[in-house]
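Work through the exercises below with the sequence and the coordinates at hand. Each task is followed by a solution in steps.

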Amino acid sequence: MICKNCSKNVETPLVLYDGRLACPYCTKELTDVGDFRVTAESEADDRIAELGYLRWLERPSAETKKYLERSVEACIRAARAGHPKAVARLGYFYEKGYVDGTRGRSESSTIAYGYYKKLCFAGNVHVKVSDGVSGYGEAEFSEIRKGTAKQLLSLIASFSKDDEGVSLRSRANMEEVRRRVVAAYPSLSGFVESVLPTAEPDRVSRIMSVLISTAASGRTPLFGVIRVTNTVLKALFSDENERTAYKLIGGGLELWYAPCDGDGAISESSDCRFQALSNRKLVTEELDALADNGAGYLYFFNATSKRRQLKKSVCAHVQKDLRADEFTLVKRIANKGGQSEYTFYDDDIIRNKSRISFDRAVETLVEDVVKNANESF
């Protein structure tokens, strides 16, 4: 992929918190899917993506996961080139957690929505097709868009009304998106009624998988903000679970927790403090003080990984900025971000640094999160 800003060939782009790509050299955002076009190369990649996924789906296992990985790689290439089927398929891969399994459910669903909406609300856009490629005329493209609209409606319906992983703001936005889709595709109004909501997979296990990924090999999260009920928070530290958060804080992962007020937000007053969950005594004291029916935000910071792209001094600077003024920036993400969970990587900090330093990188990142909040569920 060639960066249009600095003209360098980008083999490994920065992958941002919301699925966007940025150039690692100039840090400018790389042009994502724009015009829809199909070439012989992107058609071949899309076919590889389809066949690889189907082959893995026949017998999902650690042994056959290589087919899924190759499928995702081919799908990304085809989608970035503008192949409409690959765009919809990449949304599905994100939705199911196949692209980046360390993301939370609301995060992966928001990224999936971004790809689905490119097709659903494309208006009178046409597909540019290279010579020798067929099957992407106006009628075929219309069917692709309609099929993607179904995927989006199914995504929205998959969140039950009592889903703990979805913020109230997200619920309201999803309902508005559902109305827009039905208005654009009236024939799908009956389809909406036929799709039943599904219960969220075990939220404790889901959050634990995100936290555990901080100690994994390869690309690991730097920090994150996750909305949890008090019941879920207590379960994360339950000794009855084989995997417990006690082991993670014992290994150096930094965990903090702040309860929500009656409106589901964290008070930005300096009197409202994030409580450190750094040892068993502090955890026990905090959990004993919480009511079962409450909720709050769990903040984690991973400064222990030896595989960081960022230097240790930069990580310490980021850590200090996030904790400044009683976690003002963390509270802003929780209250203004619009999602119930966010996972950030070194890439996000690198993307938001200035040309000379990382001094305002975290602040700029949070500004970007708030700015883009209205574009997500």
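Which residue just after H3 takes a positive phi? Gly 97 does, with a phi of about 80 degrees.

The model is predicted, so local features need pLDDT of at least 70 and side-chain atom pairs count only at pLDDT 80 or more, while totals for chains, interfaces and linings use all residues. Residues are numbered from 1 along each chain as its sequence is written, and side-chain values use heavy atoms, with hydrogens and water left out.

**Exercise 1. Describe the span and the cover of helix H3 (residues 84-95).**

Step 1. Helices (H or I, at least four residues) and strands (E, at least two) are DSSP runs, numbered from the N terminus.

Step 2. H3 has twelve residues and reaches 17 Å from its first C-alpha to its last. This is close to the 16 Å expected at 1.5 Å a residue, where the expected span is 1.5 Å times one less than the number of residues.

Step 3. Apply the accessibility classes: buried means under 20% relative accessible area, exposed over 50%, and partly exposed in between (1.4 Å probe, protein chains only). Ten of the twelve residues of H3 are buried, among them Pro 84, Arg 89, Phe 93 and Glu 95.

Step 4. Find the cover through contacts (heavy atoms within 4.5 Å). What covers the buried residues of H3 includes strand S3 (37-38), H1, helix H2 (65-80), helix H4 (105-120) and helix H5 (138-157).

**Exercise 2. Work out the strand order of the sheet that holds S5.**

Step 1. Two strands pair if DSSP finds at least two bridges between them.

Step 2. S5 and strand S8 (residues 295-301) run antiparallel and are joined by seven bridges; Thr 229 has Ala 295 as its bridge partner in S8.

Step 3. S5 is also joined to S9 by four bridges, again antiparallel. Here Val 225 is partnered by Tyr 342.

Step 4. Strand S6 (residues 254-259) pairs with S8 over six bridges in the antiparallel sense, and Glu 254 has Phe 301 as its partner in S8.

Step 5. The result is an open sheet of five strands in the order S7-S6-S8-S5-S9, with antiparallel pairing. Its edge strands are strand S7 (275-276) and S9, each of which pairs on one side only.

**Exercise 3. Why is strand S5 (residues 223-229) described as largely enclosed?**

Step 1. Seven of the seven residues of S5 are buried, so the strand is largely enclosed by the rest of the structure.

Step 2. Sort the side chains by direction: Phe 223, Val 225, Arg 227 and Thr 229 point one way, and Gly 224, Ile 226 and Val 228 the other way. Residues on both sides are buried.

**Exercise 4. Locate Gln 319 and list its contacts.**

Step 1. Gln 319 is found in helix H12 (residues 312-336).

Step 2. With a relative accessible area of 18%, Gln 319 is buried.

Step 3. Leaving aside neighbours within four places in sequence, Gln 319 is in contact with Glu 254 and Phe 301. Glu 254 and Phe 301 are themselves bridge partners.

Step 4. Gln 319 and Asn 302 are 17 residues apart in sequence and 9.1 Å apart in space, C-alpha to C-alpha.

**Exercise 5. Examine three salt bridges and say where their residues lie.**

Step 1. The criterion is a side-chain nitrogen of Lys or Arg within 4 Å of a carboxyl oxygen of Asp or Glu. By this rule the count is 18 salt bridges.

Step 2. In the pair of Asp 368 and Arg 20, the closest N and O atoms are 2.6 Å apart. Asp 368 lies in helix H14 (residues 361-371) and Arg 20 in the loop between strand S1 (14-15) and strand S2 (21-22), so the pair ties together parts that are 348 residues apart in sequence. Both residues are buried. Asp 368 and Arg 20 also belong to a salt-bridge network with Asp 18 and Glu 29.

Step 3. Arg 203 and Glu 341 meet at 3.5 Å, N to O. Arg 203 lies in helix H8 (residues 203-212) and Glu 341 in strand S9 (residues 341-344), so this pair ties together parts that are 138 residues apart in sequence. Arg 203 and Glu 341 are buried.

Step 4. Arg 360 and Glu 367 form a salt bridge with closest N and O atoms 3.4 Å apart. Arg 360 counts as partly exposed at 43% relative accessibility, and Glu 367 as partly exposed at 40%.
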